[in-house]
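Work through the following exercises with the sequence and the model open side by side. Each task is followed by a solution that goes step by step.

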Amino acid sequence: MVTLIRLLFVLGSRLPLPLLHGAGVILGWLSFLLSPRYRRRLLANARQAGMPPGVAWRSVAEAGKLVAELPRLWLGAPAPVRWDGAEHIEAASAAGRGLLFLTPHLGCFEITAQAYAARFGASRPMTVLFRPARQPWLRALVDHSRERPGLRTAPTTLSGVRQLVQALKSGEAVGLLPDQVPPKGLGTWAPFFGREAYTMTLSARLARSGDTQVLLSWGERLPWGQGYVVHVRPLAEPLPADPQAAAAAVNAAMESLVRESPAQYLWSYDRYKPPR
């Protein structure tokens, strides 16, 4: 089975993006129809956020594309990418500031780090926080795909957090998904689309590491497999010192990004689960 999955990833990496996204639409709807638990969570989270039914239906296909595009992004040729807001990166870099990218589970969050590494990583590498896969074969595949020039990875451990802090103090870039539920004791409860969600406090801690510029980013998936647009903009206000207020501010910033393209948010993510 492991060999078969590896082979499928290799074969999928050679397929054109429009074909992969087409297959993703089918995959998304099969998952939605065959899994009652998945279906209930997706619809409940979209409803909780006040989204109309059409957003939830479109997000089913986008979630399938998120999975189907991985072979191409991890193992294949670079996908077409356009930038919206790259000048914010250039300005912060010219000032010698560290860069903290906050990206929600919106659109293609793999492409944001890859596009940064390809354009800026030679002079200012990025370190991304990630949770290692539980299966050894998948862990090896993910590690191989994410370790590339200008892009480093840090595990969700104390040593990984130290790695992020050091990168920012050195004037480099760090990326993380702040709407990911952290383990118990590493977060606080804060509202997210009108409901309390356990939210990491790491974002605010990193924002205070050295001279750091906080940037919001997400990778918009263009229709018909045309590629992606990486959107970047600065955080409107500095994060408060109080951890709970800072978590609420981060959640509000993530909400603002999600509202730009709500159909591309991963509504099936169990955002409101209690921490481990």
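**Exercise 1. Determine in which helix Ile-111 lies, whether Ile-111 is buried or exposed, and which residues distant in sequence it contacts.**

Step 1. Ile-111 belongs to helix 7, which covers residues 109–120; helices here are DSSP runs of H or I with at least four residues, strands are runs of E with at least two, and both are numbered from the N terminus. The model is a predicted one, in which local features need pLDDT of at least 70 and side-chain atom pairs count only at pLDDT 80 or more, while totals for chains, interfaces and linings use all residues. Residues are numbered from 1 along each chain as its sequence is written, and side-chain values use heavy atoms, with hydrogens and water left out.

Step 2. Ile-111 counts as buried because its relative accessibility is 3%, where buried means under 20% relative accessible area, exposed over 50%, and partly exposed in between, with a 1.4 Å probe and protein chains only.

Step 3. When neighbours within four places in sequence are set aside, Ile-111 is in contact with Leu-73, Val-81, Gly-219, Tyr-228 and Val-230, contact being heavy atoms within 4.5 Å. By comparison with these contacts, consider Arg-41, 70 residues from Ile-111 along the chain, whose C-alpha atom is separated from that of Ile-111 by 26 Å.

**Exercise 2. Identify which residues touch the most other members of the largest nonpolar core, and which helix gives the most to this core.**

Step 1. A nonpolar core is a set of buried Ala, Val, Leu, Ile, Met, Phe, Trp, Tyr and Cys residues joined through side-chain atoms within 4.5 Å. The largest such core has 50 residues, of which Leu-100, Leu-176 and Trp-267 touch the most other members.

Step 2. The greatest contribution to this core, 6 residues, comes from helix 11, residues 243–258.

Step 3. Apart from the largest core lies another, of 27 residues, which includes Phe-9, Ile-111, Ala-173 and Val-230.

Step 4. With neighbours within four places left aside, the contacts of Leu-100 include Leu-168, Val-174, Leu-176, Leu-206 and Val-214.

**Exercise 3. Compare the settings of Phe-193 and Trp-224, stating for each residue the sign of phi and whether the residue is buried or exposed.**

Step 1. Phe-193 has a positive phi of about 50° although it is not a glycine, and its place is in the loop between strand 6 (187–192) and strand 7 (195–200). Trp-224, likewise a residue other than glycine, has a positive phi near 60° and lies in the loop between strand 8 (212–221) and strand 9 (228–234).

Step 2. Phe-193 counts as buried because its relative accessibility is 5%, whereas Trp-224 is exposed, with a relative accessible area of 76%.

Step 3. Phe-193 is also one of the contacts of Glu-255, together with Pro-191 and Phe-192, once neighbours within four places in sequence are excluded. Glu-255 lies in helix 11 and counts as buried at 16% relative accessibility.

**Exercise 4. State how many cavities of 30 Å³ or more there are, and describe the lining of each.**

Step 1. On a 1 Å grid over the protein atoms alone, a cavity is a set of points where a 1.4 Å probe fits but cannot get out, and lining residues have an atom within 4 Å of a point. Grid points are joined across faces, edges and corners, and a volume is the space filled by probe spheres set on the points. The count comes to 2 cavities of 30 Å³ or more.

Step 2. The largest cavity holds about 50 Å³ of space, and its lining includes Ser-59, Glu-62, His-105, Arg-221 and Tyr-265. Helix 4 (residues 53–68) provides the largest share of this lining, 4 residues.

Step 3. The lining of the largest cavity divides into 5 nonpolar, 4 polar and 2 charged residues, where Ala, Val, Leu, Ile, Met, Phe, Trp, Tyr, Cys and Pro count as nonpolar, Asp, Glu, Lys and Arg as charged, and the others, Gly among them, as polar.

Step 4. The second largest cavity holds about 40 Å³, with Asn-45, Phe-192, Tyr-265, Trp-267 and Arg-271 among its lining residues. This lining divides into 6 nonpolar, 1 polar and 1 charged.

Terms used. 1 Å grid on protein atoms, 1.4 Å probe; cavity = no way out; pocket = protein on both sides within 12 Å on 5 of 7 lines; lining within 4 Å.
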